[in-house]
Amino acid sequence: MAKSPFDVNPLPGQEKMMKATKEASAVAMESAQAINQINQQAAQELAAQVQKRVAELMKTQDPRSAFDYVHAEVLQDAAKEVSQYHQKLLKVLNQGNKELADIAETMIEESKADLIHFVNHATNNAPAGSEAYVSVFKTSFNTALQNFELIRAAMTDSFSNFEKSVESATKQANSKKSS
């Protein structure tokens, strides 16, 4: 069997992909754990607040003063707590989003470097008389590099748009609370 002139070893590429997948999984797991912790803390705080508020309401004899108490304190405190909860979640999501964007950026750079190495190796070892094929190959390669840049730009836009939509939703939620 003839040996291929190209070093086409899929193992390093698979190792890089596995490493990136593990890193992305770790980021997702950390974010999920942080969100779970925020949810547990919020549930504990809510239970304590409900217990405290019910005890205070039970002391009230007049329905009007109970209504005023609920309206003045309970609802305002609840709005503040929801806002704080939302800010904590937003912080975790933004952090995870940034880490995932960094992993994706690294993967793109590594894939681009691998492709450049492959093309350089292939064109440097091209047999004599294949200049026309090498030219076509290099043109295809340049197109592939442009596609890498388009993917990078689309990824960057996607992460940016996600952050903007989360921030916009936060602003809308906060403006509805204050109305």
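These exercises work through a predicted model of one protein.

**Exercise 1. Overall fold**

State how many helices and strands the protein has, and give their pattern along the sequence.

*Solution.*
- Start with the count. The protein has three helices and zero strands.
- Next, read along the sequence. The pattern is α-α-α.
- Add the boundaries. Helix α1 covers residues 10–59. Helix α2 spans 63–124, and α3 spans 131–178.
- Turn to the contacts. Among those between residues at least 6 apart in sequence, 81% join residues at least 24 apart.
- Finish with burial and surface. Of the 179 residues, 16% count as buried. The protein exposes about 13200 Å², and carbon and sulfur atoms supply 60% of that area.

**Exercise 2. The largest nonpolar core**

Find the residues of the largest nonpolar core and say which element gives the most to this core.

*Solution.*
- List the members. The core has seven residues: A104, I108, V119, F141, L145, F148 and M155.
- Assign the elements. Those that give two or more residues to this core are α2 and α3.
- Rank the elements. Helix α3 gives the most, with four residues.
- Look at one member, F148. Leaving aside neighbours within four places in sequence, F148 contacts I108, S111, K112 and L115. I108 is itself a member of the core.

**Exercise 3. Two positions in α1**

Classify S31 and V54 as buried, partly exposed or exposed.

*Solution.*
- Locate both residues. S31 is found in helix α1, and V54 is in helix α1 too.
- Apply the cut-off to S31. Its relative accessibility is 15%, and buried means under 20%, so S31 is buried.
- Check what S31 touches. Not counting residues up to four places away in sequence, S31 touches V92 and G96.
- Apply the cut-offs to V54. Its relative accessible area is 44%, so V54 is partly exposed.
- Place V54 on the surface. L46, V50, V54 and M58 make a nonpolar surface patch of about 390 Å².

**Exercise 4. Salt bridges**

Identify the two salt bridges of the structure and give the spacing of each pair along its helix.

*Solution.*
- Recall the principle. Side chains of opposite charge can pair when their charged atoms come close.
- Take the pair in α1. K19 forms a salt bridge with E23, and their closest N and O atoms are 3.9 Å apart.
- Check the spacing. K19 and E23 are four residues apart in helix α1, so about one helical turn separates them.
- Check exposure. E23 has 35% relative accessibility and counts as partly exposed.
- Take the pair in α2. The side chains of K98 and D102 meet in a salt bridge at 3.2 Å, N to O.
- Check the spacing again. K98 and D102 are four residues apart in helix α2, so they too are separated by about one helical turn.
- Check exposure for this pair. K98 is partly exposed at 48%. D102 is partly exposed at 40%.

**Exercise 5. The surroundings of Y69**

Determine whether Y69 is buried or exposed, and list the residues that Y69 touches.

*Solution.*
- Place the residue. Y69 lies in helix α2.
- Judge burial. The relative accessible area of Y69 is 14%; the cut-off for buried is under 20%, so Y69 is buried.
- List the contacts. Beyond residues up to four places away in sequence, Y69 touches R53, E56, L57 and V74.
- Compare sequence with space for one partner. Y69 and E56 are 13 residues apart in sequence, and their C-alpha atoms are 9.2 Å apart.

Conventions. Residues numbered from 1 in each chain as written. Predicted model: local features only at pLDDT ≥ 70, side-chain atom pairs only at ≥ 80, totals over all residues. Heavy atoms only, no water. Buried < 20%, exposed > 50% of the residue type's maximum accessible area, 1.4 Å probe, protein only. Contact = heavy atoms within 4.5 Å. Core = buried A, V, L, I, M, F, W, Y, C linked by side-chain atoms within 4.5 Å. Patch = residues over 30% accessible without salt bridge, like charges linked within 9 Å, V, L, I, M, F, W, Y side chains within 5 Å. Areas by Shrake-Rupley, 256 points an atom, 1.4 Å probe, with all protein chains shown as cover. Salt bridge = Lys/Arg side-chain N within 4 Å of Asp/Glu carboxyl O.
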